[in-house]
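Here are some exercises to work through with the model open beside you. Try each task before you read its solution.

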Amino acid sequence: MKSVKGGADALLFENNNKVYRFSIPKSKADAELEIDICGAASRAGLFPMLGPPTYYEDTGLLQIKMEKLDGDLATLKGMGGTDRKELKSAVTTLIEEFNSIGYCHGDLDHGNNIMYKKLDSNRYRLYLIDFTRSTRRNNSCRNLDFTRSASYFKQVVRPNKIIEKTFIVGNPTRFSPIKNFGTPTSNRGTPGTPPGTPKRLF
């Protein structure tokens, strides 16, 4: 199992094209909310979750398993053949779809929680990850503010029409592990480590 780079909120481990995310929410209620958000986003095809998360009550540890993705928004912006307007439109649609299921992400200022899966040579499916700071949607939600920045999408490489890229948002039939999420799966004790030999990438 490989240790991959995580943010301030979690540790990430990779094994057999799956990513295991471990975090410690502030409370059980926060863990339950995050699990509900994961379920809703997964059913909408906006989050590549694999199976239900597990909350370990004794340790307060939350484990979420998802498909390994290929890169983040910054990587896409730096690729040749990326059309600025098309990418911005797809990112805006992704966030609006998430808002429409009743939640505000809360951690999109730099776009690093917007990820993609490469489908073929010029098609990419966009996803959201990391819902630790997400909340139920309210009037103070500012998810789309960074997409309106005059400078953010100017960093996109000038498109090459020969390899112009297509971005796809939402895929409800791909990631729908359960219909009704409800309360988290709770276990007592310490989570088991996914099989494999640890190898640090960073």
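**Exercise 1. Place serine 27 and say how accessible it is.**

Solution. Start with the position: serine 27 sits in the loop between strand 3 (18-23) and helix 1. Helices (H or I, at least four residues) and strands (E, at least two) are DSSP runs, numbered from the N terminus. A quick word on the ground rules: this is a predicted model, where local features need pLDDT of at least 70, side-chain atom pairs count only at pLDDT 80 or more, and totals for chains, interfaces and linings use all residues. Residues are numbered from 1 along each chain as its sequence is written, and side-chain values use heavy atoms, with hydrogens and water left out.

Next, accessibility: serine 27 counts as partly exposed because its relative accessibility is 29%. The cut-offs are under 20% relative accessible area for buried, over 50% for exposed, and partly exposed in between (1.4 Å probe, protein chains only). Finally, look across the chain: the C-alpha atoms of serine 27 and glycine 60 are separated by 7.5 Å, with their positions 33 residues apart along the chain.

**Exercise 2. Check whether the length of helix 3 agrees or disagrees with its residue count.**

Solution. Helix 3 (residues 84-100) has 17 residues. The expected span is 1.5 Å times one less than the number of residues, so helix 3 should span 24 Å, and its end C-alpha atoms are indeed 24 Å apart. Now pick out its buried residues: Leu87, Ala90, Val91, Thr92, Leu94, Ile95, Phe98 and Asn99. Their cover includes helix 1, helix 2 (73-77) and strand 8 (114-120), among others; contact means heavy atoms within 4.5 Å. Just past the helix, glycine 102 has a positive phi, near 105 degrees.

**Exercise 3. Find which residues have the most contacts inside the largest nonpolar core.**

Solution. A nonpolar core is a set of buried Ala, Val, Leu, Ile, Met, Phe, Trp, Tyr and Cys residues joined through side-chain atoms within 4.5 Å. The largest one has 43 residues, and Phe47, Val91, Phe98, Ile114, Leu126, Phe131 and Phe146 have the most contacts inside it. Helix 1 gives the largest share of this core, seven residues. Zoom in on phenylalanine 131: leaving aside neighbours within four places in sequence, its contacts are Glu34, Ile37, Cys38, Ala41, Phe47, Phe98 and His105.

**Exercise 4. Decide whether cysteine 141 is buried or exposed, and list what it touches.**

Solution. Cysteine 141 belongs to the loop between strand 10 (135-136) and strand 11. With a relative accessible area of 15%, cysteine 141 is buried. Not counting residues up to four places away in sequence, cysteine 141 touches Asn99 and Cys104. The C-alpha atoms of cysteine 141 and tyrosine 103 are 8.8 Å apart, although the two are 38 residues apart along the chain.

**Exercise 5. Describe phi at asparagine 16 and asparagine 17.**

Solution. First, the background: most residues other than glycine have a negative phi. Asparagine 16 has a positive phi of about 50 degrees, and asparagine 17 has a positive one near 60 degrees. Asparagine 16 lies in the loop between strand 2 (11-15) and strand 3, and asparagine 17 is in the loop between strand 2 and strand 3 too. As for accessibility, asparagine 16 is exposed at 59%, and asparagine 17 is exposed at 54%.
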